[in-house]
Amino acid sequence: MSIIATKLCAHRSSIFCCLLLAACCSLLSGCAGVQSAVDPAGPQAGSISGLWWLMLYTLSAVFVIVICFVLVAAFRRRRPLSGESADGPDTRPEAEQERRMSRTVIAGVALTILILFVLLVSSYLTGRKIYSAGYSAQGALMIEVTGHQWWWDVRYNDPSPSRMVTTANEIHIPVGRAVVFRLTSADVIHSFWIPNLHGKMDLIPGHYTNIWIKADRAGTYRGQCAEFCGYQHAHMAFTVVVEPEEQYRAWYESQLRSAPQPSTPQQARGQEVFLSSPCIMCHRVQGTDAGGRAGPDLTHIGTRPTLGAGTVENTRGNLAGWVIDPQKIKPGIRMPPNNLEPQDLQALLDYLQSLK
Amino acid sequence: MKGLRRITTALIFVALGLSLFACDREARKFRVEPSASKRSPAQPMSDLQPGPKLPPNEGKDARSQYSKDEYEENAYALAEGKRLFNLYNCSGCHSQGGGGMGPPLMDDKWLYGGSPEQIYTTILAGRPNGMPSFRGKLPDFQVWQLAAYVRSLSGQVPKDAAPSRADHLQGKKPENRKEPEQMKQQ
């Protein structure tokens, strides 16, 4: 691509060229990364990206051929017809030419239909492959995800209720094991999308949809809501951590534990602030009286990478801003602003950061 | 014919102009006053009370923060009140307004007063025989949203602002079709 661009540079203005190159580079840089459908980390995303590249190559070839035909037609000198005279052109079609044109058109239509059928069938086969159940129910991990405006409630189902894990905006899964997501919504329609692992699936209030994935490659990926769901739709993301089985189990065990008891007077004061302020109405901290389910579970907030469903990094400063005035960071969310004395805020931050 | 067209055009412009008045119906303030409901004093039912006479401004705090068009005439505030009513488990005792463990809220009886300020006090201070106090637990604006919604249950708010449907199955008419109850204080 850069060769073509360089050749073009010789003839066209350099500004145009630079823009073209920059556009190409930015396009290519979008191909790899934590949120990319053409950087697959699992078999299903692999099928999808295969289909994507097949379509891109086929349609690029079609585009080039069509443009060539158009250019040839535009620049080729018209051959004089045999019966042409000074009175004007003889517009009666010539039998031989007519036959040639018909053949070309028929061949073009046939090729178009063939290409469309190839794409249709490969799209259908890909769809069937990625949605068919390729896992056994015993070994699969069951995760229930509920979409809220604008965050993700994640619950790991287990036959024994005491071994269920609740977390938010963060999903850990083991490498090489099938994971079944059971999706629903608490308010409006959202869509669950981890581009590196699978396609999209809608979350519909009052209804469950299922999707299963398998990750082959460890890494951290980004998921995103893919159905417009309101003001902060763009800030409704989640982190997917794919890790080896042992690490995953260690994480799961740590999530099962209740929140640690405050170990310093400052943290104890923070817990008191948490339990006596509006926090307690919506948030849950396992092991304390706070049991609200309206907002994200904060039992292990100290270990989360982001705040506000991928809006800002989870640092002390951001956490302070988030507690005091979340509407500044993410306008429109349900969390109200809080009026805390500075020393109470510092104590609360100490406590929240100790929740690991 | 030309006159008719001119009149129609004028009417369309008048209608468009009138529709601007409806813009405030769902106005929503994103940056609300970040005050926890800690400092607001109780709202008295009458001037009679034990102990020394209250200073004249005592109890006026709550009323001064309340503005009718911001809560009772605002569809967003009422809808939020309806959402919070379930979220904070008011419905656990009051059901969907018909009452259960707690008294019904959709009838004409107001045990502790039916003005927004009195409902505000009821929510914050609690009442005997079961109503807990939410002082310090709710931001002020949410208490006002709840109070406005509670009033909509007995048809005390404008019909064009009251919620017209529930998110879930509901056995009663929506709030905007409730006939206003005549307030009786017991």
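1. A quick definition before anything else: a nonpolar core here is a set of buried Ala, Val, Leu, Ile, Met, Phe, Trp, Tyr and Cys residues joined through C-beta atoms within 7 Å. With that in hand, the largest such core in this predicted model has 40 residues, and A:I143 and A:F192 are the members that touch the most others.

2. Let's stay with A:F192 for a moment. Setting aside neighbours within four places in sequence, A:F192 has contacts with A:V145, A:F181, A:L183, A:K200, A:M201, A:L203, A:I211 and A:G223. There's also a second core, separate from the one above, with 29 residues; among them are A:M281 and, from the other chain, B:Y120, B:Y149 and B:V150.

3. Now the hairpin. β6(A) and β7(A) make one, with 6 residues between the two strands, and they pair antiparallel over 4 bridges. Which residue of β7(A) is the bridge partner of A:F192? That's A:M201. In a regular strand, side chains alternate between the two faces of the sheet. Strand β7 (residues 200-203) of chain A fits that picture nicely: A:M201 and A:L203 sit on its covered face, while A:K200 and A:D202 are on the uncovered one.

4. On to the open sheet in chain A. Five strands line up as β3-β2-β1-β5-β8, with mixed pairing. β3 (165-168) and β8 (209-213) of chain A are at the edges with a single partner strand each, so one side of each has no neighbour in the sheet. On average, neighbouring strands here are turned by 25° against each other, ignoring direction.

5. Within that sheet, have a look at strand β1 (residues 141-148) of chain A and strand β2 (residues 151-156) of chain A: they run antiparallel and are joined by 6 bridges. A:H148 is found opposite A:W151 of β2(A).

6. As for the chain contact, 14 residues of chain A touch 13 residues of chain B. On the chain A side, that comes to 7 nonpolar, 6 polar and 1 charged residues.

7. Finally, confidence. Chain A has an average pLDDT of 87, and 87% of its residues score at least 70. Among its elements, strand β6 (residues 190-193) of chain A has the highest mean, 96, and helix α1 (residues 2-11) of chain A the lowest, 47. The pLDDT is below 50 over residues 1-10 of chain A, a stretch with 8 contacts in the model beyond near neighbours in sequence. Where pLDDT is low, the predicted coordinates shouldn't be read in detail.

Methods: Residues numbered from 1 in each chain as written. Chains lettered and ligands numbered in written order. Predicted model: local features only at pLDDT ≥ 70, side-chain atom pairs only at ≥ 80, totals over all residues. pLDDT = per-residue confidence, 0-100. Contact = placed C-beta atoms within 7 Å. Nonpolar A, V, L, I, M, F, W, Y, C, P; charged D, E, K, R; others polar. Pairing = 2+ DSSP bridges. Axes fitted to C-alpha atoms, helices over the stretch in contact; angles between N-to-C directions. Buried ≥ 20, exposed ≤ 12 C-beta atoms within 10 Å, placed from the backbone.
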